[in-house]
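Here is a short report on a single chain. It follows the core, the aromatic side chains, the open and enclosed spaces, and some unusual backbone angles.

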Amino acid sequence: YAVKMFTLRLSPNLNGGVVKTFPINVRLRHPQRYSPAVMDPVESAKKAAAYRAVDTHIKNDFRVGIGSGSTVVYAVERLAERVHKDGLKVTCVPTSFQARQLIIQNNLVLSDLEITPELDVAIDGADEVDSNLTLIKGGGGCQLQEKIVAAAAKEFVVIADYRKDSSSLGEQWTKGVPIEVVPMAYRPIQLKIEAELGGKAVLRQAKAKAGPVVTDNGNFVLDWVFDGKFDWNQVNRQIMMIPGVVETGLFVDMAKVAYFGMQDGSVKCR
């Protein structure tokens, strides 16, 4: 219910008469709610993991690799907060056009691997993380630059929500392993992967344009949808040996730690 004040004239003469105001209880069809907005549980989990990673691993004068994806948005948000409010000094190297824009929009110091070839830490998301910290990355098509930046860092830190946490790859992420390939070679690579490893290698199609997705490097992406468990180190080497393969979305023995934001607001560390 809401209390509304109504003014009534007690005379048919509109130019005179007694004017009185009466409070009336009125039931509203759509009452306005004044409680604060509640963040979506998944977004809240992403934010919790990102904030924990930034607060734990980034120190003054650090050179930081900034990854790609929705969870990294919160990491940059927290990093910018510490820079602008606490006076933290950092230099940021992006893994993609999106990451570069995040750095610029948050007024952080932007660099690249030519100027800053050695990094103290790289923070990035993942599509899935298994019990050995083997990752599938590249759902956004940035796996090549993400892997280059991660390899340039002393520490590679992964941030994700609870949906990305698996004991084995393929439990949660069903879209396959992204493989960046030279456009002219995509068809032979597609056939060879399917013949040697089984499953299906699908050319990723763009959603807002006709034709395939084109990466920041001008290449195509094959998504290898696999079935079963594998020695991922061996699989990664096997795929990389195929002529025309630029990089895979398998990150083996690269991550030092992963932070998972959980549904209850806590953060799980592996």
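## Around I159

Leaving aside neighbours within four places in sequence, I159 is in contact with A49, A50, A53, T71, V72, A75, I123, D124, G125, A126 and Y259. The model is predicted.

Apart from it lies another core, of 23 residues. Among its members are V177, L222, W232 and I239.

## The largest core

I159 also belongs to the largest nonpolar core, which has 30 residues. I159 is among those with the most contacts inside this core, along with I58, I66, L79, V90, L108 and I123. Which elements supply at least two residues of this core? They are α1 (41-57), β3 (62-66), α2, β4 (90-94), α3 (97-105), β6 (119-124), β9 and β15 (257-261). The largest share comes from α2, with seven residues.

## The chain as a whole

The chain has six helices and 16 strands. Of its 270 residues, 46% are buried. Take the contacts with a separation of 6 or more: residues 24 or more positions apart account for 69% of them.

## Aromatic side chains

The whole structure holds eight aromatic pairs. The rings of F226 and F230 have centres 6.1 Å apart and planes at 90°. That angle is over 60°, so the pair is edge-to-face. F230 also pairs with W232: their ring centres are 5.3 Å apart and their planes stand at 50°, so this pair is tilted.

How do these side chains differ in exposure? F226 is buried, with a relative accessible area of 13%. W232 is buried too, at 8%. F230 is partly exposed, at 24%. W224, F226, F230 and W232 form one aromatic cluster. W232 is also one of the residues of the 23-residue core.

## Pockets and a cavity

The table gives the volume and the lining classes of each space.

| Space | Volume | Nonpolar residues | Polar residues | Charged residues |
|---|---|---|---|---|
| Largest pocket | about 440 Å³ | six | 13 | six |
| Second largest pocket | about 360 Å³ | four | five | five |
| Largest cavity | about 30 Å³ | two | six | two |

The largest pocket has a volume of about 440 Å³. Of the 25 residues that line it, G69, S70, A126, D127 and K164 are the closest to its centre. Three elements each supply at least two lining residues: α2 (70-86), α4 (143-151) and β9 (153-161). The most comes from α2, with three residues. The helix α2 thus has a part in two settings: it gives the most to this lining, and it supplies the largest share of the largest core. A126 links two parts of the picture as well. It is one of the residues closest to the pocket centre, and it is in contact with I159.

Which residues lie nearest the centre of the second largest pocket? They are G139, G140, G141, R204 and V213, out of 14 lining residues.

A search of the whole structure finds one cavity of 30 Å³ or more. Its lining consists of T95, S96, G141, C142, L144, Q145, E180, T215, D216 and N217. G141 appears in this lining and also in that of the second largest pocket.

## Backbone angles

Most residues other than glycine have a negative phi. Where are the exceptions described here? L133 has a positive phi of about 65°. Its place is in the loop between β7 (128-129) and β8 (135-136). D253 has a positive phi as well, near 55°. D253 sits in the loop between β14 (250-251) and β15.

Are L133 and D253 buried or exposed? L133 is buried, with a relative accessible area of 10%. D253 is exposed, at 67%. The loop of D253 leads to β15, and β15 supplies at least two residues of the largest core.

How values were computed:
Residues numbered from 1 in each chain as written. Predicted model: local features only at pLDDT ≥ 70, side-chain atom pairs only at ≥ 80, totals over all residues. Heavy atoms only, no water. 1 Å grid on protein atoms, 1.4 Å probe; cavity = no way out; pocket = protein on both sides within 12 Å on 5 of 7 lines; lining within 4 Å. Points joined across faces, edges and corners; volume = space filled by probe spheres on them. Helix = DSSP H or I, 4+ residues; strand = E, 2+ residues; numbered from the N terminus. Nonpolar A, V, L, I, M, F, W, Y, C, P; charged D, E, K, R; others polar. Core = buried A, V, L, I, M, F, W, Y, C linked by side-chain atoms within 4.5 Å. Buried < 20%, exposed > 50% of the residue type's maximum accessible area, 1.4 Å probe, protein only. Contact = heavy atoms within 4.5 Å. Phe/Tyr/Trp six-rings, centres within 6.5 Å; stacked < 30°, edge-to-face > 60°.
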